[in-house]
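Please walk through this structure with me, from its sheets and its core to a few individual residues.

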Amino acid sequence: PTGGAPETRYRVRCKYVVGADGPASRVAELVGAKYDGFLGLNKSRSIAVVVPGLAARLARTIGFAHQYWLLRKRRGLGLVVPVDPVSDLFNLMPFPVGELFQQSPTRVAEEMTGTSRFTLKQEKPWWWNFFVARQFSHGRAFLVGDCAHSWPPFGGLGGNTAYADAFNLSWKLAAACRGEASQALLNSYDIERRQAVLSTAMYVLGLVPRPAAMKPLLAPVFEWWPFSRWMRLIWHHKSSGLHAANHFASSGIMFGGKLNFSPLVAREAILPPDDPACGYQPVLRAGARLPHLLLPDGTAIAEHIANDRYTLLLLADASATAEALRAALQARGVACQVARVAAHAKGQETSGGQLAFEYAKHAMLVVRPDLHVAWRLKLSARPPDAAAVESVADTLSGRSGGGTDRWAEVERSTDYDSMRSYRLFMTQRFQAKLRPLGFAFPQATKVDGVTKAEAIAAVKANARTAPAAKGEFTTTTKATDLPAGGKEPAAATGSERTGGEGSKEP
């Protein structure tokens, strides 16, 4: 409610609920979601300023980049991030390693921009928190994005991981609302996404800087003039073209995820993960992402994939198998579409190179709406008989030929036992990688299988964290767009005094 209006409450009845309401999720609270991780690793600040002419000056003198590291000798470190270069809007983020971090927003802006000609738009404190839910689904409630997992924005993987959650879940919920979803289809969200998120979380753990070590160890190196000169000479090269993406070069994480142990994939073998940093290797295998290919007609192969049901992608003459599988899926109440494409035409070049020839070795692919291959039929393989087609349809639908849900059968399978063992291994590995954070950030509070409310209470009771939290600790891991209440604060210029820390998170 706003303007003193009375609060209005609504009762909503629904078949499913998706917790996409951020790190302080009410849905997660209601279902009693439990988490592993750390809260209160560190406190950061984001200061939004408009500095007329700064973007053009940086582009002219240093070269345009997605962010700039700034060192003030014996003062501290920080990041200058162009949010909207057209309007000269920048986000200033001083690191908590020196006296610069303790200054007023106006003073920080003067230090980091080198001018007093700016307009202060907003200042927000936020905390470095790191947590992953132990379950992403609770009955008919599903957790996605920051509600299920959240970490500091190092590597830029928070949003990308959240989008992947939604991409994985949306088509399954669409099938459920059409009455086509089996229990295996809905349960696969937790199985597939938590495995991928734990891999991403462990990668991000390696990117989290240790501020306590940065000032005594890194600052002297940056202050050494030959190093600074060398950095300036290579800046234009490293901040241009493909090199500009190297800071966020995590294609192995973003595109190389494999759906090992998924109950919806006709698994051939365990696919090893790609190198998370920049090692995405396109492979045409069940459980892997459909590799991008530009077809001879100029369309991308992904354009032929339905966004709400399976696609039987015909690459050669496999019409009989496609029709048999389509009929088997239809008998199980599962919709699909059949699409025919030419991955490679003789005498016609494509952008895929060798990958186009790999596609040409296949007669048919079954592709999910989230662009993962669920089953493949190679040209060199014998066409599947009726029993094999029924088995594939059982796996893809999670139902038997009579329409009976197969989840109880899946739970008794050796593949399910393997999935549970792998899930336990990944959880234990993640917990082991979390332990060093307790030494690097002694003020942090460990989260070990507890709810967010219990974790926040522990943070505020932590003698080391409490003085810094001062009652306004939240689980937010990034600065939000607007201050509490959603109103833009009155703009302040560099000549105005703005005491305190600005508006706090609610």
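**From one bridge to the whole fold**

Tyr-310 has Cys-336 in S11 as its bridge partner. This pair belongs to a predicted model, and it is one place in the parallel pairing of strand S10 (residues 310–314) with S11, which are joined by five bridges. The two strands are part of an open sheet of four strands with mixed pairing, in the order S11-S10-S12-S13. Strand S11 (336–340) and S13 each have a single partner strand and stand at the edges, so one side of each is left without a neighbour in the sheet. From one strand to the next, the twist averages 15 degrees.

Tyr-310 also leads to the interior, for together with Phe-130, Leu-143, Leu-325, Met-364, Val-366 and Phe-430 it is among the residues that touch the most other members of the largest nonpolar core, which has 78 residues. Helix H5 (residues 183–205) gives the most to this core, with ten residues. A general tendency is in keeping with such a grouping: in soluble globular proteins, nonpolar side chains tend to be buried together. The surroundings of Met-364 can be listed in detail: leaving aside its neighbours within four places in sequence, Met-364 is in contact with Leu-312, Leu-313, Leu-314, Ala-318, Thr-321, Ala-322, Leu-325, Trp-375, Arg-376 and Leu-377.

Helix H11 (residues 386–397) brings the four-stranded sheet back into view, since the cover over the buried residues of H11 includes S10, S12 and S13, along with helix H9 (319–331). The buried residues in H11 are Val-389, Val-392, Ala-393, Asp-394, Thr-395, Leu-396 and Ser-397. With twelve residues, H11 reaches 16 Å from its first C-alpha to its last, close to the 16 Å expected at 1.5 Å a residue. Just after H11 comes Gly-398, which takes a positive phi of about 75 degrees.

A second group of strands is built around strand S2 (residues 35–50), which is mostly covered, with 15 of its 16 residues buried. S2 pairs with strand S6 (residues 119–133) in the antiparallel sense over 13 bridges, and one position in this pairing sets Asp-36 against its bridge partner Val-132 in S6. S2 also runs antiparallel to strand S14 (residues 445–450), to which five bridges join it, and here Asp-36 stands opposite Asp-448 in S14. A further antiparallel pairing, over four bridges, links S2 with S5, where Ile-47 has Leu-92 as its bridge partner.

Another open sheet, of three strands, has the order S1-S8-S7 and mixed pairing. Strand S1 (17–19) and strand S7 (137–138) stand at its edges, and because each has a single partner strand, one side of each is left without a neighbour in the sheet. S7 and strand S8 (residues 141–143) run antiparallel and are joined by two bridges, with Ser-137 having Phe-142 in S8 as its bridge partner.

Two loops deserve attention for their backbone geometry, given that most residues other than glycine have a negative phi. Asp-88, although not a glycine, has a positive phi of about 60 degrees; Asp-88 lies in the loop between strand S4 (76–84) and strand S5 (89–94). Leu-371 likewise has a positive phi, near 70 degrees, and is found in the loop between strand S12 (362–367) and strand S13 (373–378). Are these loop residues buried or exposed? Residues under 20% relative accessible area count as buried, so Asp-88, at 12%, is buried, and Leu-371, at 14%, is buried too.

Among the helices, H4 (residues 158–177) holds Ala-176, which is buried, with a relative accessible area of 7%. Beyond its neighbours within four places in sequence, Ala-176 is in contact with Tyr-16, Ala-181 and Leu-186. Ala-176 and Leu-186 are ten residues apart in sequence, and their C-alpha atoms are 8.0 Å apart in space.

These details sit within the protein chain as a whole, which has 15 helices and 15 strands. Of its 506 residues, 47% count as buried, and the chain exposes about 24,500 Å², of which carbon and sulfur atoms supply 56%. Among contacts between residues at least 6 apart in sequence, 72% join residues at least 24 apart.

Definitions and conventions. Residues numbered from 1 in each chain as written. Predicted model: local features only at pLDDT ≥ 70, side-chain atom pairs only at ≥ 80, totals over all residues. Heavy atoms only, no water. Buried < 20%, exposed > 50% of the residue type's maximum accessible area, 1.4 Å probe, protein only. Core = buried A, V, L, I, M, F, W, Y, C linked by side-chain atoms within 4.5 Å. Contact = heavy atoms within 4.5 Å. Areas by Shrake-Rupley, 256 points an atom, 1.4 Å probe, with all protein chains shown as cover. Pairing = 2+ DSSP bridges. Axes fitted to C-alpha atoms, helices over the stretch in contact; angles between N-to-C directions. Expected span 1.5 Å × (residues − 1).
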